[in-house]
Amino acid sequence: MNITSSRRLDRAPPAPSPEVDAAAPEGRDSLRTQAREHLADGAVTAGYGAKRPQVLALLDAALATELVCMLRYRRHHFMARGAQAKAVADEFLVHSVQEQKHADWLAERIAQLGGAPDFSPDSLLRRSHAQYVEGATLADMIGENLVAERIAIDSYRSFIAMLQGDDPTTRRLLEAILATEEEHADELAALLHGLPAAWVERRAHPSSRHGG
Ligand SMILES: [Fe+2]
Ligand SMILES: [Fe+2]
């Protein structure tokens with residue numbers, strides 16, 4: 001995301017204001033004055049405590065990751081073959097739809113913070129944490145999706161830890177996404193466990209894999 005070209009980031013953000021006591025008359029007056037300043041910043045007020053360019057860059061990487069995951073699951077939904085493929089293909093589609101929803105939430109938050117969500121297919125893989133691996137077999141597909149989920153889980157955890165209390169809205173959003181990614185990983189691990197051992201064993205040999 002080219003955040004430097006963002007319309008609302010072309011000047012230094014207002015310095016975070018000290019905590020105000022909203023119950024006191026002078027605190028209330030201060031809040032009212034601050035709210036009238038920099039109206040074009042929308043939801044980003046003087047009290048926004050996080051480093052906005054850094055948050056936007058991390059949100060951009062998360063958006064790219066969700067889009068790559070959505071595409072990979074969608075491909076796997078249509079390409080799943082074999083005796084146990086139907087249930088797995090159905091699960092891939094459910095995950096794909098949920099990754100798209102995550103992408104939409106992240107894009108909405110990027111726009112709220114004055115950035116511009118980047119959906120450019122040219123740079124998606126470069127900006128994504130997770131990879132797009134097509135996979136040759138059902139075990140490959142499940143395994144690659146599980147790897148991608150585990151990458152997403154760790155990246156969301158570190159993002160949440162970095163934010164601490166500085167941007168509670170973004171933090172809550174990331175926590176909600178993280179919970180779903182953990183469910184995804186759990187479901188994929190169960191699917192992998194349910195496959196015949198020989199299928200999973202074959203996945204361990206690089207010659208049986210087709211990277212995407
Ligand atoms: Fe997701
Ligand atoms: Fe996921």
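These notebook entries record what I looked up in the structure above.

**Conventions.** I note that the model is predicted, that local features need pLDDT of at least 70, that side-chain atom pairs count only at pLDDT 80 or more, and that totals for chains, interfaces and linings use all residues. Residues are numbered from 1 along each chain as its sequence is written, with chains lettered from A and ligands numbered from 1 in the order in which they are written.

**Helix 1.** I took helices as DSSP runs (H or I, at least four residues), numbered from the N terminus. I compared the 17 Å between the end C-alpha atoms of helix 1 (residues 25-36) with the 16 Å that its 12 residues should span at 1.5 Å a residue, and the two agree; the expected span is 1.5 Å times one less than the number of residues. I then checked burial (20 or more other C-beta atoms within 10 Å of the residue's own, C-beta atoms being placed from the backbone). The number of buried residues in helix 1 is 0, so this helix lies largely in the open. Just after helix 1, I found H38 with a positive phi of about 55 degrees.

**Core.** I next examined the largest nonpolar core (buried Ala, Val, Leu, Ile, Met, Phe, Trp, Tyr and Cys residues joined through C-beta atoms within 7 Å). It has 36 residues, and L59, L63, L106, I110, L138 and I142 have the most contacts inside it. Helix 2 (52-79), helix 3 (85-112), helix 5 (138-163) and helix 6 (168-194) each supply at least two residues of this core. Helix 2 gives the largest share, 11 residues.

Note on methods. Buried ≥ 20, exposed ≤ 12 C-beta atoms within 10 Å, placed from the backbone.
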